[in-house]
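Trainee: I would like a close look at a single part of this protein. Please take it step by step.

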Amino acid sequence: MLPVFSLGRLNSSNEKDDGRILQRYKRGWMWNQFFLLEEYTGNDNQYVGKLHSNMDRGDGNVKYILTGEGVGSLFLIDENSGDIHATKRLDREERAIYTLHATVVDKRTNETLEADTEFNIKIHDINDNEPKFSKDLYFASVPEMSDVGTSVIQVTATDADDQTYGNSAKLVYSILQGQPYFSVDSDNGTIRTALPNMDRETKENYQVVIQAKDMAGQMGGLSGTTTVSITLSDENDSPPRFANHTFRLSTLESAEVGAAIGRIKANDADVGRNAEMQYSIVDRDGQDMFTIISDQNTQEGVIRVKKQLDYEKQRTYSFKVEVTNTYLDPRFMYSPNPPFKDDAMVRVTIEDVDEPPVFSRNPYIIEVHEDTAAGSFVGVVSARDPDADNNSVKYSIDRHTDLERLFNIDSVNGTITTLKGLDREMSKWHNISVVATEISNPRQTTRVPVFIKVLDVNDNAPEFAMYYETFVCENVQSGQLIQTISAVDTDEPLVGHKFVFSISSSNPNFTIVDNEDNTARILTRRAGFSRREMNTYLLPVVISDNDYPIQSSTSTLTVNVCACDSRGNMQSCNTEALLSAGLSTGALVAILLCVIILLMIVVLFAALRRQQRKKEPLIISKEDVRDNVVSYNDEGGGEEDTQAFDIGTLRNPEVMDANKLRRDIIPEMLFPFQRTSPIKDNADVREFIHGRLHENDSDPTAPPYDSLATYAYEGSGSLAESLSSLESGCVEGDQEYDYLSNWGPPFKKLADMYIGKDTARET
């Protein structure tokens, strides 16, 4: 039945004391909520309900007006009858309630008959939405070996239908895939384990499909599904196991300590932290010679050498290795499974190698006394070949460690002897290297350090520890201390140094007192010393040691006599000061002047000697410079060569002997050079040259014959006369140039030019 609004009016009258009747009107709306099914599929508008007012007499004078949400688009009202229709299909999931307002007015007067009243249209839900999960795929994990019922994950779905109306949104969960390993709570979607002892090592991943169905799971309900990927997380439930319980390894006996000789490996089905393993050697035989560590990257056991191996002593080793998990889970330690450890036997075979010689000791420390004669015995070193062949060994000294060649060694028996005497004061220790070499295989060598300590022998006498500058005052008293002395000794006696100091008992000036602590005091034996009598005293001091044999030496202490003040402070020790004190000022000035005069005389004399030694010029006259400049390339024999010419003549030509003849030899020309003179009549030039040659040939001071002498001579005239146009009285046409062709090739160009002009002019 469709709900209807109805309007009724109640009339009541009350009489008052004044007799007037009072009337009260009551609104006649009968409120009912309208309901409308969603998802209407009819072709006509969907009828919602009817509004009716008591003021409506059915005469058509009442008008119904509808306002509010969706009026005009979703909802329409018949203003005459009050019928309400929905024009479109409504979806409750989009909007569940619409609030509208109804008003009744008079059509004629447009007067409001009923005031505005609010009412609701509620959309009734139908099951038109299936359940939906928030994810299409869920990921979850659960520890392996978990108990039955262990919670894995909760998956929930939502339904957009009305939760308060019917069963459209009442969901029920079920498992479609994943049984019998897992189950799901039908009410809340919690997935739990359904089987005990699920082992990750057997199966690790599971795909579980969960369904959510509305209508409380009844037939006709809508459903949705999701997939849950479940992984069994690892637990340390699998012990490590050796696949092979016997391992065979081999290594050379020369393997260094700490070197890896092999690897062994156990398997653990667990992963990550649960698969970490540690190995240990449980046999005593193996623990002494080998050690094993775990490689964290590969989980292998690395066997290393702990002590030096020796093939000749032991050739094989067998020991047991045990493996356990690093991190144990107490839940599985006492399970019926085998214990969480395993063991295996390891057999190591040692292989022989050719080893170098081995010394009986390393290093050697030998003691020898100093001053030992050359060839003396120092010590013996010994080495052997550790191989089974036991080859012979020869010895030698590395001379880089014995540069001074102080020692020698017997190559057969290793006896070390001295080549020179040793001095402990020069070097207390000598560090040499002895090399042992196999005779059959010289590449196999071993060296050992030999430390030779030179023992002390009392062969050095004590002496002053330092240089002492000692003085005594002129006004000193008898028995006064003037110096404390000490001594040093380069020897090192076992009981320490003990020095004895002494001086001659007959010394009238000084005495000595031994302090018994390797020091002594020098005292004056008398009072009063004078620099005028003696300004320096040499005091011999005998110093002896107490070692065997006793060594002693005499050191001289120089004592200067000085002038001191009353408190004993030194003022002056120089004898020059004493001398100057006895001379007057005038005497000192006279001495100084004499010294200056003597210096001036010496300087003057030296200057005169230097002036006399000054060389005379080679050329006296400036006019002879041109004729005396000669250029020659002759390598003479120096000043001792007296056969060529006299060198003294070059130094001073004025002292030349006029009758002195030349001493060089006139050269002979095998192929004399002859040149035709361009001018036949040149007697003046020829006479000039011959004259000059004759002078040079007869001049004993002239340069050698092979020297080049150059002379300048213009001559008295020529056939061509002057080539200059100055002072020329003839014209160009009066000249004859035929003679130019006779001058030779150098004038050919000039002859062609001038003879050619004459020919052209004549033409």
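Trainee: Leaving aside its neighbours within four places in sequence, which residues is aspartate 491 in contact with?

Mentor: Bear in mind that this is a predicted model. Aspartate 491 sits in the loop that runs between β39 (481–488) and β40 (500–502). Once neighbours within four places in sequence are set aside, its contacts are Glu370, Arg424, Glu425, Asp456, Val457, Asn458, Asp459, Asn460 and His497. One residue of that list, asparagine 460, is also a polar partner: the side chain of aspartate 491 reaches the backbone nitrogen of asparagine 460 at 2.9 Å. Proline 462 can be placed by its C-alpha atom, which is separated by 8.6 Å from that of aspartate 491, with the two positions 29 residues apart along the chain. The relative accessibility of aspartate 491 is 1%, so this residue counts as buried, the cut-off being under 20%.

Threonine 372 offers a second loop position to set beside this. Its place is in the loop between β29 (364–369) and β30 (377–380). With a relative accessible area of 16%, threonine 372 is buried. Its side chain reaches the backbone oxygen of histidine 369 at 2.4 Å. Apart from neighbours within four places in sequence, threonine 372 is in contact with Lys420, Gly421 and Leu422.

The disulfides come next. The count comes to two, and, with bonded cysteines counted along the chain, they follow the pattern 1-3, 2-4. One of them joins cysteine 473 and cysteine 564, with the sulfur atoms 2.0 Å apart. This pair links distant parts of the chain, from cysteine 473 in strand β38 (residues 470–473) to cysteine 564 in strand β44 (residues 552–564), 91 residues apart. The link is left-handed, with -80° about the S-S bond. Both cysteine 473 and cysteine 564 are buried.

The other disulfide is formed by cysteine 562 and cysteine 573, whose sulfur atoms are 1.5 Å apart. Cysteine 562 belongs to strand β44, while cysteine 573 is in the loop between β45 (570–572) and α3 (575–581), 11 residues apart. The torsion about the S-S bond of cysteine 562 and cysteine 573 is about 105°, so this disulfide is right-handed. Burial is uneven here: cysteine 562 is buried, with a relative accessible area of 0%, whereas cysteine 573, at 23% relative accessibility, counts as partly exposed. Cysteine 594 is partly exposed as well, with a relative accessible area of 47%.

How values were computed
Residues are numbered from 1 along each chain as its sequence is written. This is a predicted model: local features need pLDDT of at least 70, side-chain atom pairs count only at pLDDT 80 or more; totals for chains, interfaces and linings use all residues. Side-chain values use heavy atoms; hydrogens and water are left out. Helices (H or I, at least four residues) and strands (E, at least two) are DSSP runs, numbered from the N terminus. Buried means under 20% relative accessible area, exposed over 50%, partly exposed in between (1.4 Å probe, protein chains only). A polar contact is a pair of N or O atoms within 3.5 Å; within protein, one must be able to donate a hydrogen and the other to accept it, and residues adjacent in sequence count only if both atoms are side-chain atoms. Contact means heavy atoms within 4.5 Å. A disulfide is a pair of cysteine sulfur atoms within 2.5 Å.
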